Amino acid sequence: MLLVPVWAPMLLGLLLGFVPVVGMEPMGEGRSDSEHAPNSDPGPSSSGSNCSELTVKLEFSSGVVEHEYIVGFTGYFSAKARSLYISSALRNSEHGAVEWHIVPRQNPASDFPSDFELVHIRQASPSSLLTLEDHPYIKRVTPQRKVFRTLKYIPSSEPAEPCNATRGTQSWQSSRPFRRSSLSLASGFWHATGRHSSRRLLRAIPRQVAQILQADVLWQMGHTGAGVKVAVFDTGLSEKHPHFRNVKERTNWTNEKTLDDGLGHGTFVAGVIASMRECQGFAPDSELHIFRVFTNNQVSYTSWFLDAFNYAILKKIDVLNLSIGGPDFMDHPFVDKVWELTANKVIMVSAIGNDGPLYGTLNNPADQMDVIGVGGIDFEDNIARFSSRGMTTWELPGGYGRVKPDIVTYGSGVRGSGMKEGCRSLSGTSVASPVVAGAVTLLASTVLNRDLVNPASMKQALIASARRLPGVNMFEQGHGKLDLIRAYQILNSYKPQASLSPSYIDLTESPYMWPYCSQPIYYGGMPTIVNVTILNGMGVTGRIVDKPIWAPYLPQNGDHIDVALSYSPVLWPWAGYLAVSISVAKKAASWEGIAQGHVMVTVASPAGNDSEAGGEMTSTVKLPIKVKIVPTPPRSKRVLWDQYHNLRYPPGYFPRDNLRMKNDPLDWNGDHIHTNFRDMYQHLRSMGYFVEVLGAPITCFDASQYGTLLMVDSEEEYFPEEITKLRRDIDNGLSLIVFSDWYNTSVMRKVKFYDENTRQWWMPDTGGANVPALNDLISVWGMAFSDGLYEGDFTLADHDMYYASGCSIARFPEDGIVIAKNLKDQGLEVLKQETAVVEGVPILGLYQTPSDGGGRIALYGDSNCIDDSHRQKDCFWMLDALLQYTSYSMTPPSLIHSHSRVTPPTGTERPLPQRLEGNHLYRYSKVLEPHLGDPKPRPLPACPHLSWAKPQPVNETAPSNLWKHQKLLSVDLDKVALPNVRAYRPQVRPLSPGESGAWDIPGGIMPGHYNQEVGQTIPVFAFLGAMVVLSFFVVQLTKAKSKPKRRKPRIKRPMYLQQQQTTTGKNPGV
């Protein structure tokens, strides 16, 4: 009992010692950075007890700069040589002397040879540009492009809260490639629908993302990014920012005389990668190279990027983060330079885009095979609503898109460095991108043999180690969520090899393999195309040896499918494609079951310098294939989607179908059933229809196999042979459904826009649809659409409907069924800002062709009600009714007896729409070609022919589950253990004035706003630990006092010793 007062002061001292040291926060007050960003509102940075919760609103626009051209050369030449080549080429111009001069570029790359020149050519003619391209040392001449980025930081509407409080955060706004602000239309008319309006996301307590991904495990092993050069292409960085200790170089590539960040975005990105305190980055000891490529007005040029990319190659940058993007994958100088960067072993990490949840919204360069494209998730591992979805649209209409993003990671509510000090939280894939870039930098520093680290091997490690998210398909999550520790294990046991993405094809696995898993295959259907990416970690260039081998598993009915393979002749840089076309053999026309096999691919690359001269490294990979086969469905259930006649941006200006969409002027999502018509496809599948895609002319399919041909939002022209065949097919029983859109030449001239920055007019190449071409197609039946432009709400068959910038039916057979509604004249509103209601606008027509056994035709003037892009009210019920009519000749009673039924129009009221004079559709058309100023149809191309691979059957049992942990050939994760973690004690140094009380070195748990919950729980554990220690000592001492003392037993001496002592007369001492 007397011990309690003795230990009480000691216990009190322990508690008083633990609480302030672990739980106390540095004092200070955040300050606003808004005065440094005149065009943005960065909001307060946080260095006190409150968090700065900000939303990033990101938009991109771009255009061609008048009279300026980027002249690309076949190699790197001095400034004098480049000038001589251009002068020599233009001297030989047919138009005599051409007024031109080289635009000076004052930047760090000016003193080095370059592979391009920026030239101002006054009155440049096509012939003078062709003359330039004819020079043997000039590769390409393209217009200079100006990028305009709108980047705004929007503070949360709620008051600041402590960082350990659970709260929501607003999502960002869509990052669209063009803005329509310069359209001279009344502001009252243009009103966004709000598809990307702010929404609240529930998420976990905000924490430092590096620790959530377990970067501290690698820090404690001594890996902090040392020796890795990482470049940040953004808005710059302040010179004396307290979060960074290893900024090797800051360069300015803009026309402004500053290196500092006036917006805060570049600082935030750099902080996620390499901050050393507070909101800590992944690789604080990495060599940070800051490239300022955006001005404070958020302007950049293609030439700035090209110069900066060249300088990055010169400086031997290892990792490059690019938190920008856009849909223009045909900006050749930019795309080519990205290829050159990765060919020089620069690992590029780029944001996949902020245009979700719509599919087909991937941004470039993240959609390239050689770039790591990053999508975003929240802290509950849900795909962020804003994160762009696949597939890629490069390959349309003849092929199929690739799987992107490659990987996903946290991009919602991530904390990073403030513009001058402190931290802030932002959301967007531009935030997720530096998370992966920081992880890649940290991973690269853990590899002893840096020669093994390249864009392919790093991507292989990331996708093979990624954790798949349940219930999410591959076009949303790619290969899954970033797993830093598993990636470390793989990368440190890596041997150069090839791999595939995706690593297997399983058309039965749902939902990951959507859309392949959504529809079984059958005999007579269009081949199912899977676009597989080959990653070659052995070298920047490679080739496929011989031909890929198709090996069907006989016990698993592999001989019931046919496989055709096409592939890249050269794998460069680091990657190529393998297109797998799968079809059902004739003998399985009435069979149902599962068929399996695999494709073997051998990749060869030139051996390294330490190998024998002329030697090659080879790697063989297996692609398992598993499909579900069903008997061929009846003709009435088969719907064919016409993809061939859909055009999209890039390369031309194809406007949106809904003119109300102010901030989204371009039709760039591919118009595919698996992109912006995904919901319509899902609905048709749920109704039992089988939907196939036609990626070739109408002359290339067997119409007797299909009940309905579906044409939606067609912008392309038609070959004369297509028009003839379609008439014959409909006479023989094929039915046709056409969803049109607006087309009015006066409105097209009105919606052209003049970009004040680039001094360039942008004129649409068609309207929402190519109505004159559609009229040519259906004129044989006495049908035509008008050039009227209408919108409005109405009710049809007890369904609420919205007509969004649609056209009307101008002419229809007298024995057909026509439905009319009262709508607003949107064309008048656009042209004159006047409002008028037009009564009895014909919008829907149904017609049975007169031939015996002939098909049926249905026309509707607007496609927005089945398009995911800006749909307000869907009309899937009407599509069902039209398919019942076309497939089964069942006329909907609600339409036959509708009070909106009117007499079919004869087309005499107004002339039919004509093609816009001087349009440039021929530049992008697959049908037209220029001919003396009047474009003419090209010769009809041959139908695609697949060469089926010769099967090499395997008499063995196929694996039952194709998806395991995606392992590289030489790595078994079960056998790769983390090394012993040694103590890595943080070094503490005195703080400079104005610095926050955070530790410098990334070892241990760092106090700061992101881990307040840690600071609040440690005192509790300290108290419990002290009590345990106290109890132990009390028990031990109590036992010691209560035990009776025992006397030691006296040892009896032996007899012979006693006798000896007696004889000598000595007494023993006691």
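Biologist: What makes S22 and strand S23 count as paired?

Modeller: Two strands pair if DSSP finds at least two bridges between them, and seven bridges join S22 to S23 (residues 575-584), so the criterion is met. The two strands run antiparallel, and isoleucine 561 stands opposite valine 584 in S23. Strands here are DSSP runs of E with at least two residues, and helices are runs of H or I with at least four, numbered from the N terminus. This is a predicted model, in which local features need pLDDT of at least 70 and side-chain atom pairs count only at pLDDT 80 or more, while totals for chains, interfaces and linings use all residues. Residues are numbered from 1 along each chain as its sequence is written, and side-chain values use heavy atoms, with hydrogens and water left out.

Biologist: Why is one side of strand S17 and of strand S22 left without a neighbour in the sheet?

Modeller: The open sheet has the order S17-S19-S23-S22, with antiparallel pairing. S17 (498-501) and S22 (561-567) stand at its edges and each has a single partner strand, so one side of each has no neighbour there.

Biologist: What makes the contact of H9 with H12 nonpolar?

Modeller: Contact means heavy atoms within 4.5 Å. Ala439, Leu442 and Leu443 in H9 meet Leu484, Ala487, Tyr488 and Leu491 in H12. These residues divide into seven nonpolar, no polar and no charged; Ala, Val, Leu, Ile, Met, Phe, Trp, Tyr, Cys and Pro count as nonpolar, Asp, Glu, Lys and Arg as charged, and the others, Gly among them, as polar.
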